[in-house]
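User: I am new to this structure and would be grateful for a close look at a single helix, set in the context of the whole chain.

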Amino acid sequence: MGIICKVNRYALRVKIITNGFLLPLSKLIKMFSWQLFRETFSFAFHALFQNKLRSTLSLLGITIGIFSIITVFTFIDSLQISLQKDVNNLGSNVVYVQKWPWTFGKDYPWWKYWIRPQPTVNEMQEIQKKCADIDAVAYTFSRNATVECQNSSVDNVSVNGITEDYNQVVNWVQINEGRYFTPGEFTSGKEVAIIGADVASGLFSDGQAIGKYIKIKGRKALVVAVIKKQGQSKISDINMDISVLLPYNYMKTMFDTHNIWAPRVILVKAKDGISNEQIMGEVEGVLRPIRQLKPDEEDNFALNQSSMLSQGFNSLFDVIAVIGWVVGGFSILVGGIGIANIMFVSVKERTSLIGIQKSLGAKNYFILSQFITEAILLCLLGGIIGLLLIYVLTLLVGNSFGMEFILTFSNVLLGLSLSAFIGLLSGFIPAYTASQLDPVDAIRSTY
């Protein structure tokens, strides 16, 4: 065996000749590292399975801690995904002109908002004329009513009178079969209707709704489309499954449009590249003169956007996340202390073996890595069990809450990383203690 060193203008190259073969030093280091990892892993794995009961009790705390924390984050992530879907349906570039603002907090001055006037169709038309940066604008007026067809009826249906651009502004009018209203039907107030999936199934058992007539307050309307089933929105009272859309000019012939209880909204969609803040400024500039507001008077209308809801929900999610960390943190702390104690016991039990290993040439770093690996494996096993329990839980309760629960890859990675970190933290001091034992004193140990 020999060593060859070559120096050139670029680098020092070291190679080792073994049994006639020339091995680069980097390859030798990789072989040595792999052998060290394999032996360390083998020792740690064997030690864990020699003490099954002790290992099971040790990983229980980690399992509970990881289960608690990742369950909370799984719930938050799943709820955020579901809510974000609803927020996207509201439109990120849509401004809602309403009587009530979308705000959160205990100091909500509802008495001030109560006396505000409702948005009107005339105001919508003025916005449409004077705002240059809008892509579309629509108006909607809603009332609840019973919808009938022959001997069948569906109660508490949301009947919405809409203007022509409604489907261009919102994302929830997804027609499953049929067609949208024509411009002529909007203008003339034609007796036509678009109905939700639950209304269609409740009135037409044969599934054939297109071309049939429904009755609302004794007035007929021809069904021209059925909306795709979507479910209840989690951020608003919108549920297109149990809704009926009518041209506004037909809707106002059967309902009192001056009723103070009826929700009314102007929906303004910005052009591409135009911010909501710019549109809000333009809308405000149009509405204040119409409502004859003095310069020192505050707006008597609300300009809402979906980001207001996102910010409010994010604050709530932050609080829930802190609670999850606190609850799970205590479990992980107890589990980490338990693993540290178990590792101290393990070091004490194997003191003689450590002495023999060191007398045969085992280095301190080998003993250190052996016990740290054992602690990390123990915590990882607890974390994996916790994650498996969460996955089973998502399968069991997914449909119970009306939303899909998803164990995301980021949460799996967080659970495993946290488990490994706790193992490293809990096992370092016992492992360091073991690595510093004197081989002679260790062999003499009679534990």
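Analyst: Buried residues are those under 20% relative accessible area, exposed ones over 50%, and partly exposed ones in between (1.4 Å probe, protein chains only). Helices (H or I, at least four residues) and strands (E, at least two) are DSSP runs, numbered from the N terminus. This is a predicted model, in which local features need pLDDT of at least 70, side-chain atom pairs count only at pLDDT 80 or more, and totals for chains, interfaces and linings use all residues. Residues are numbered from 1 along each chain as its sequence is written, and side-chain values use heavy atoms, with hydrogens and water left out.

The helix chosen here is α11, which spans residues 351-359. Its buried residues are T351, I354, G355, Q357 and K358. Viewed down the axis of α11, these buried residues fall within an arc of 165°, so they line one face of the helix; the arc is that of the directions from the helix axis to the C-beta atoms. An α-helix has 3.6 residues a turn, so residues three or four places apart point the same way. After α11 comes G361, with a positive phi near 110°.

As for the wider setting, the chain has 14 helices and 13 strands. Of its 447 residues, 44% count as buried. Among contacts (heavy atoms within 4.5 Å) with a separation of 6 or more, 74% are between residues 24 or more positions apart. Elsewhere in the chain, W100 lies in the loop between β4 (94-98) and α3 (110-114). W100 is partly exposed, its relative accessible area being 32%.
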